[in-house]
Amino acid sequence: MIALDVSLQREDFSLSLIASIPSTGITAVFGRSGAGKTSLINAISGLVTPDSGSIRIGSKVLFDSSAGVNLRPEQRRIGYVFQDARLFPHMSVAKNLNYGSKVSNSDKFNEVVSLLDIGGLLSRYPNDLSGGEKQRVAIGRALLSDPEILIMDEPTASLDKPRRQELISYLLRLAQTLHVPVIYVSHSLDEILQLADHMLLLEKGEVIANGSLHDVWGSLPMRPWLAAKEQSALVTAMVVGSHPVYAMTQLDLEGQPLWVTKVDENAGASVRLRIFANDISIAKTRSNDTSIRNVIPSVIQSIESATSLSSESGYCQLVLRVGNETLLANITQWALDELGLLEGQEVYAQLKGVSIARGDLAHDHRNN
Ligand SMILES: Nc1ncnc2c1ncn2[C@@H]1O[C@H](COP(=O)(O)OP(=O)(O)OP(=O)(O)O)[C@@H](O)[C@H]1O
């Protein structure tokens, strides 16, 4: 566990939080501009000193105001990747990678270079690299300092969309292979959906939600972040197999078959699905003459009126239970009244669209 108890007073801002985050997987730190994300990670890495509190990684104390402990940044064994790569322009990529390297073993160097696919860049200089390549080198440099954790402050911020997606694929590969815990600051929920296992939501210097991505995504504090048309449930399903004729993959969602566009994962792999509330319609009986492939029996757990949502009036949201998973469905108040839907009722959720947020999540289970 990474245990945080941080108080930091600035002229117009105070950071005041107590939170634990896991020392495995990727933890996203999210919140609006000025919420205190950078202040928090700077306190963890030792770039700013809190007024009081303590910061621990496992049993290692990085900071404890009452015990007078305040390790210098270089004593904390934290790899830091900034928005801009901050490479040394006069050094080759190989020299940048070796700068501050605590890894004498060349196997580790080769592994990091190969995972980040930067072997062909070793003799080049930063000015000759693309933004994405620079960031990969910066990540490699941070990893070769043999950190106990890696902190990334919006590493994709300066990249265009295709390069961003490319970097995310590399980050997933790293997380699945190296098992270095990552604290990842991002403004992009799409990025967080693909990468994160856990999420810490900050507002005005305080933690308003902290837990698994699955739980935080479905929590009330997340609501204002998702406009009605973006509201969605995150669920985990398991790959069963491919359709013999059509380019579709069958998943298992809490014992229910679910068909999605073909995914490149083996049977038994876990995938994270995002299902938008606007993509679910409700039927009281199962229809056999519909184009919709995915019809999931579920129970209405609760019905929230439009007034309690940041959604358009005239709509309400059903929270549906499917085994241990939850789906959300936006329907009109009119449909709710006409169908006479009630909490506790069994209905059929008809899923028009299902998107894969992230492929094989198997490493989550190994780590946690
Ligand atoms: N050195 C400083 N002196 C005074 N105030 C500061 C200092 N650094 C940050 N702040 C203030 O602290 C608050 C939190 O800033 P911080 O950079 O931690 O937010 P953030 O969530 O990372 O924002 P962004 O998403 O815009 O990067 C802001 O109001 C900022 O103006």
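Visitor: How many nonpolar, polar and charged residues does the shell around the ligand have?

Guide: This is a predicted model, and in it the shell has two nonpolar, six polar and four charged residues. The residues surrounding the ligand include Arg-10, Glu-11, Asp-12 and Lys-37, and Arg, Glu, Asp and Lys count as charged.

Visitor: And what makes Gly-31, Gly-34 and Gly-36, listed around the ligand, polar here?

Guide: Just the class scheme: Gly is put among the polar residues.

Visitor: Why is Arg-286 called exposed?

Guide: Exposed takes 12 or fewer other C-beta atoms within 10 Å. Arg-286 has 10 such neighbours, so it counts as exposed. You'll find Arg-286 in the loop between β16 (280-283) and β17 (294-305). Setting aside residues up to four places away in sequence, Arg-286 touches Val-295 and Tyr-348.

Visitor: What about Ser-114, buried or exposed?

Guide: Ser-114 has 11 other C-beta atoms within 10 Å. The cut-off is 12 or fewer, so Ser-114 is exposed. Ser-114 sits in helix α3 (residues 106-116).

Visitor: How do you know that Ile-151 is buried?

Guide: Ile-151 is listed in the largest nonpolar core, which has 88 residues. A core of this kind is built from buried residues, so Ile-151 must have 20 or more other C-beta atoms within 10 Å. Beyond four places in sequence, the contacts of Ile-151 include Ile-41, Ile-44, Ile-78 and Ile-183.

Visitor: Which domains does the largest nonpolar core draw on?

Guide: At least three residues come from each of domain 1 (2-224) and domain 2 (230-367).

Terms used: Residues are numbered from 1 along each chain as its sequence is written. This is a predicted model: local features need pLDDT of at least 70, side-chain atom pairs count only at pLDDT 80 or more; totals for chains, interfaces and linings use all residues. A residue is near a molecule or strand if its C-beta atom, placed from the backbone, lies within 6 Å of it. Helices (H or I, at least four residues) and strands (E, at least two) are DSSP runs, numbered from the N terminus. Two residues are in contact if their C-beta atoms, placed from the backbone, lie within 7 Å. A nonpolar core is a set of buried Ala, Val, Leu, Ile, Met, Phe, Trp, Tyr and Cys residues joined through C-beta atoms within 7 Å. Domain bounds come from an automatic or database domain assignment.
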